[in-house]
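Open the model in a viewer and keep the sequence panel visible. The tour below goes from one selection to the next.

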Amino acid sequence: MQLQDILYSQGFGTRRVCAGLVQHGWVETARLDQGASFSPCTDASLDFDTADLRLRIQGVEWQYHAKAYVMLHKPAGTECSQKPSTYPSIYTLLPAPLRQRPCKSAIQGVQAVGRLDQDTTGLLLLSDDGQFIHRMSSPKKHVPKVYRVTAKHPVDELQIAKLLEGVVLDDDPKPVRAAACTVVDSHSLDLTLTEGKYHQVKRMLAAVGNRVEQLHRSRIGALDLPSDLAPGQWKWLSDEDLLRLTSLP
């Protein structure tokens with residue numbers, strides 16, 4: 001693939017802009033299998049094998065990814081929207097190339113796999129792979145998601161039983177139930193859901209006579225939010241991470 005096309009595919013601007021970056025000497029390339037020693041390139045039409053290709057653009061290193069799969073530790077006070085209404089968008093926490101990657105859809109860049117409320121924290125996936133987004137977010141796929149719930153009132157066994165048995169929400173006569181529910185302490189529990197209805201956790205807790213004070217998503221499928229990923233930070237999903245997500249039945 002030509003270097004200008006590689007840069008374009010990674011979100012570094014239009015092909016004209018990417019060609020200009022190369023011609024000005026602002027792009028260096030390296031191969032992981034060759035010791036990752038960077039060397040400058042000023043020929044935008046030069047072909048490169050993208051396998052294990054690393055780039056350095058204006059001093060910033062970037063590894064080539066044909067598709068983007070990333071996780072974000074969503075902090076409180078952020079919205080999962082390209083056009084937020086009140087709070088900053090989670091997309092402002094990502095580098096420009098991830099926001100500008102060319103896509104076949106009208107919206108460029110990676111997209112959040114589902115949404116978390118503005119005050120909800122925790123694990124959020126983003127990708128530019130439409131099939132992956134559908135696989136992870138479709139209610140029919142029953143991908144389990146684990147939430148740590150901090151409740152206003154003490155959590156008792158009757159509430160747990162009702163959550164596991166199923167509660168009726170005001171917009172659907174069919175009961176929704178937790179796939180699992182584990183008491184952590186007097187005011188918190190771990191709730192596992194396989195659906196994704198609007199404000200589902202908050203409405204389920206309200207239906208059993210309690211109230212959510214804090215909500216944090218700690219796991220999607222078999223993938224846990226890393227303890228060393230601070231709020232607001234992001235990282236690429238590894239092959240092992242993707243396997244944990246896509247190997248679900």
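What follows is a series of selections in a predicted model, with a note on what to find at each.

**Stop 1: Arg101**

Select Arg101, in the loop between α3 and β6. Is Arg101 buried or exposed? Its relative accessibility is 1%, and because buried means under 20%, Arg101 counts as buried.

Now show the residues around Arg101. Leaving aside neighbours within four places in sequence, Arg101 is in contact with Ser9, Gln10 and Gly11, with His65, Ala66, Lys67 and Ala68, and with Gln108, Gly109 and Val110. Asp128 and Trp236 complete the list of contacts of Arg101.

Which residue meets the side chain of Arg101 in a salt bridge? The partner is Asp128, with an N to O distance of 2.8 Å. This pair links distant parts of the chain, 27 residues apart: Asp128 sits in the loop between β7 (121-127) and α4 (130-137), and Arg101 in the loop between α3 (96-100) and β6 (111-112). Asp128 is buried too, at 14% relative accessibility.

**Stop 2: the second largest pocket**

Keep Asp128 selected and add Lys67, Pro102, Cys103 and Lys104. These five are the closest to the centre of the second largest pocket, out of 15 residues that line it. The space in this pocket is about 320 Å³. By class, its lining has five nonpolar, five polar and five charged residues.

**Stop 3: Lys202 and its two aspartates**

Move to Lys202 in helix α6 (residues 200-207) and add Asp117. The side chains of Lys202 and Asp117 form a salt bridge at 3.3 Å, N to O. Asp117 belongs to the loop between β6 and β7, and 85 residues separate the two partners.

Next add Asp119. Its side chain also meets Lys202 in a salt bridge, here at 3.0 Å, N to O. Asp119 is likewise in the loop between β6 and β7, 83 residues from Lys202. How exposed are the partners in this second pair? Lys202 is partly exposed, with a relative accessible area of 24%, and Asp119 is partly exposed at 44%.

For a further set of charged side chains, select Glu28, Arg54, Arg56 and Glu61. Salt bridges that share partners join these four into one network. The count of salt bridges comes to twelve.

**Stop 4: the largest pocket**

Return to Asp117 and add Arg115, Leu116, Lys197 and His199. Of the 31 residues that line the largest pocket, these five lie nearest its centre. About 640 Å³ of space lies in this pocket.

Which elements each supply at least two residues of the lining? They are α4, β8 (145-151), α6 and β13 (212-220). Helix α6 gives the largest share, three residues. The lining divides into eleven nonpolar, eleven polar and nine charged residues.

**Stop 5: strand β8**

From the pocket lining, pick out β8, one of the elements that supply at least two residues. Five of the seven residues of β8 are buried, so the strand is largely enclosed by the rest of the structure.

Add the two strands that pair with β8. Strand β12 (residues 188-193) pairs with β8 in the antiparallel sense over six bridges. To find the register, select Arg148 and look opposite for Asp190 in β12. β13 also runs antiparallel to β8, joined to it by seven bridges. Here the place to look is Val146, whose bridge partner in β13 is Arg219.

**Stop 6: helix α2**

Finish at helix α2 (residues 15-23). Which residues of α2 are buried? Cys18, Ala19, Gly20, Leu21 and Val22 are buried. Show α1 (3-9), β1 (27-31) and β3 (53-57) as well: the buried residues of α2 pack against these three elements. After α2 comes Gly25, where phi is positive, near 80°.

Technical notes:
Residues are numbered from 1 along each chain as its sequence is written. This is a predicted model: local features need pLDDT of at least 70, side-chain atom pairs count only at pLDDT 80 or more; totals for chains, interfaces and linings use all residues. Side-chain values use heavy atoms; hydrogens and water are left out. Helices (H or I, at least four residues) and strands (E, at least two) are DSSP runs, numbered from the N terminus. Buried means under 20% relative accessible area, exposed over 50%, partly exposed in between (1.4 Å probe, protein chains only). Contact means heavy atoms within 4.5 Å. On a 1 Å grid over the protein atoms alone, a cavity is a set of points where a 1.4 Å probe fits but cannot get out, and a pocket is an open set with protein on both sides within 12 Å along at least five of seven lines; lining residues have an atom within 4 Å of a point. Grid points are joined across faces, edges and corners, and a volume is the space filled by probe spheres set on the points. Ala, Val, Leu, Ile, Met, Phe, Trp, Tyr, Cys and Pro count as nonpolar, Asp, Glu, Lys and Arg as charged, and the others, Gly among them, as polar. Two strands pair if DSSP finds at least two bridges between them.
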